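Trainee: I am new to this structure and would like a close look at a single part of it. Please take one strand and go through its surroundings.

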Amino acid sequence: MKKLLIIALVSLAFIQCGEDSDPFLIQNGAIGNLTKEIKIKQVDSIFASDSIVKINSSPNALETQGEVAIYENGGKQLLLLSPQKENDPNSPITNIQVLDPRYKTDKGLSTASTFKDVKANYTIDNIETTINAVVIFLKETDVYLTIDKKSLSEELRYDMNLEVEANQIPDEAPIKYFMIGWEPSTE
């Protein structure tokens, strides 16, 4: 009986160890294998099988630093990563633009979602108006979204002082930018 129990426990441990985390799952503090503790210089090892394009790094930099774009082999752009400090390879990543619709939250929100999906699954914390868009911050999540003002009624498009409310955004309004913002740790 003891042998059977030990075999069952060992088998269960192997099964759980064999399960890979979803490389496209967006959670608080993580997107796939990328976590908010990762430094920009560590991106090379996390996305080793993908292409990394250094956008704003100095030409003589030995390590990855500055803003980088992540491309899948085959050319499809996945993410745009921005560190807290452009010239510091030890800087944490603080801002991510999600470009590939395979990246989804546990509630299914992705770049392919509409505002209807946002309202159905999340509580809106705040809506800020910019010149060309509204930025929607979601409660209890690192995600914030941008919706182009072209999706709004004409009276809301041109007055910067008007506060846009969730019920004024059409359900079919597409997400223009799907962003993740991480506060750097204070270590």
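Mentor: Val134 stands opposite Ile147 in strand β11, where a strand is a DSSP run of E with at least two residues, numbered from the N terminus. The model is predicted: local features need pLDDT of at least 70, side-chain atom pairs count only at pLDDT 80 or more, and totals for chains, interfaces and linings use all residues. Residues are numbered from 1 along each chain as its sequence is written, and side-chain values use heavy atoms, with hydrogens and water left out.

Strand β10, residues 133–138, pairs with β11 in the antiparallel sense over 5 bridges; two strands pair if DSSP finds at least two bridges between them. The hairpin of β10 and β11 has 4 residues between the strands, and Glu140 there takes a positive phi near 55 degrees.

β11 also pairs with strand β12, residues 177–181, again antiparallel, over 4 bridges. In this pairing Val143 stands opposite Ile180 of β12.

Next comes the cover on β11. The strand spans residues 143–148, and 6 of its 6 residues are buried, meaning under 20% relative accessible area (1.4 Å probe, protein chains only; exposed is over 50%, partly exposed in between). In a regular strand the side chains alternate between the two faces of the sheet. In β11, one side holds Val143, Leu145 and Ile147, the other holds Tyr144, Thr146 and Asp148, and both faces are covered.

For the setting, 34% of the 187 residues of the protein chain count as buried. The chain has 4 helices and 12 strands, helices being DSSP runs of H or I with at least four residues.
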